[in-house]
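User: I want to go through this structure and hear the reasoning behind each label. Please set each value against its definition.

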Amino acid sequence: MTSKIVWIVGASSGIGKELARQYAQKGVTVLASARRLNKLEELTNEFPNQISAVQLDVTDTDSIQNATERVFNCDNMPDTIILNAGIYQPMSHTHFVAQNAEEAMMVNYLGVVRMIEPILPRLVNANRGKIVVVGSVAGYNGLPLSLAYGPTKAALINLCEALYIELIGSGVSVQLVSPGFVKTPLTEKNKFPMPFLLDVSDAAERILKGIDKGKFEIVLPRRFAYLLKIIRMLPYTVSLPLLRKLTGS
Ligand SMILES: NC(=O)c1ccc[n+]([C@@H]2O[C@H](COP(=O)([O-])OP(=O)(O)OC[C@H]3O[C@@H](n4cnc5c(N)ncnc54)[C@H](OP(=O)(O)O)[C@@H]3O)[C@@H](O)[C@H]2O)c1
């Protein structure tokens with residue numbers, strides 16, 4: 001395990017919570033952040049010597065500033081920061097509400113951007129550290145019901161690619177996690193059948209291994225992600241009807 005101290009943002013539920021558990025089980029020190037302190041306390045009660053809660057709202061700059069100062073003022077700074085906070089509201093053309101898109105962008109994309117601002121100079125000054133951004137395969141292609149969510153993840157992919165290139169040689173690295181469907185409270189609202197659905201502990205295990213390996217992108221499950229990547233490379237005259245057919249829309 002290359003990570004010794006991990007800060008997980010969006011650790012109160014789903015993938016983030018399971019990552020916190022699995023890291024703690026491996027003896028890694030975890031700083032667990034999210035808005036719901038009572039949910040974070042479930043984790044700290046489970047692993048009192050391993051996990052600490054740091055309450056944080058990624059839409060609130062003061063909250064980010066306070067949390068970052070608290071985390072980085074400790075004797076040991078985190079070597080791995082996982083930016084996992086995200087929200088999902090299915091949205092189609094029949095209920096096109098700009099506010100849904102604004103809220104999703106505020107948390108999923110700008111939340112990551114706001115977190116990176118105070119973290120990056122600290123890591124660059126130390127010449128070490130890893131920022132792991134949780135995106136989604138939903139960022140590869142425009143998909144039905146994903147009119148608010150998909151663009152936030154497409155923006156994250158672009159951001160991570162650019163940051164990765166700029167940070168080569170700095171000692172700081174960026175990794176992008178691209179999950180397909182994972183069974184969590186976030187996907188509970190999906191009424192459609194979710195292909196290649198992963199159990200959350202399986203997903204967290206794959207992410208943990210991927211972070212350790214250090215490759216730029218961690219895709220899970222591979223079959224689903226590669227299928228969508230191939231579709232992305234096809235001409236639109238082929239890919240758009242194919243996606244329509246595959247999603248049954
Ligand atoms: N599940 C999937 O199939 C799937 C697939 C692809 C990508 N993803 C991505 O994986 C990440 C985790 O999703 P999940 O499925 O585990 O969902 P989840 O169970 O709903 O967890 C979302 C986490 O984000 C936190 N969060 C939301 N808004 C926040 C805010 N303003 N400030 C701080 N934390 C906030 C939540 O904590 P609080 O509410 O306590 O703040 C919670 O800990 C998301 O980025 C999601 O887009 C999920």
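Analyst: Start with α1, which is mostly covered: 10 of its 12 residues are buried. This is a predicted model: local features need pLDDT of at least 70, side-chain atom pairs count only at pLDDT 80 or more, and totals for chains, interfaces and linings use all residues. Residues are numbered from 1 along each chain as its sequence is written.

User: What makes a residue of α1 buried?

Analyst: A residue is buried if 20 or more other C-beta atoms lie within 10 Å of its own, exposed if 12 or fewer, and partly exposed in between, with C-beta atoms placed from the backbone. Among the α1 residues that pass are Lys 17, Glu 18 and Arg 21. Across the protein chain, 41% of the 249 residues count as buried.

User: Why is α1 called a helix, and what span is expected for it?

Analyst: Helices (H or I, at least four residues) and strands (E, at least two) are DSSP runs, numbered from the N terminus. α1 has 12 residues. The expected span is 1.5 Å times one less than the number of residues. That gives 16 Å, and α1 reaches 17 Å from its first C-alpha to its last, which is close.

User: Which residues come nearest to the ligand?

Analyst: They are Gly 10, Gly 14, Arg 35, Gly 86 and Leu 186, out of 30 around the ligand. A residue counts as near if its C-beta atom, placed from the backbone, lies within 6 Å. Helix α1 (residues 14-25) gives the most to this shell, with 3 residues.

User: How do you know that the protein chain is as compact as a globular protein of its length?

Analyst: The chain has 8 helices and 7 strands. Its radius of gyration is 18 Å, close to the 18 Å from the globule rule for 249 residues, so it is as compact as a globular protein of that length. The radius is taken over C-alpha atoms; the rule is 2.2 Å times the number of residues to the power 0.38.

User: Why is Leu 145 called buried, and what is Phe 196 called?

Analyst: Leu 145 has 20 C-beta neighbours inside 10 Å, so it counts as buried. Phe 196 has 15 other C-beta atoms within 10 Å, so it is partly exposed.

User: What makes the backbone of Leu 145 and Phe 196 worth a look?

Analyst: Leu 145 has a positive phi of about 70°, and Phe 196 one of about 55°. Neither Leu 145 nor Phe 196 is a glycine. Most residues other than glycine have a negative phi.
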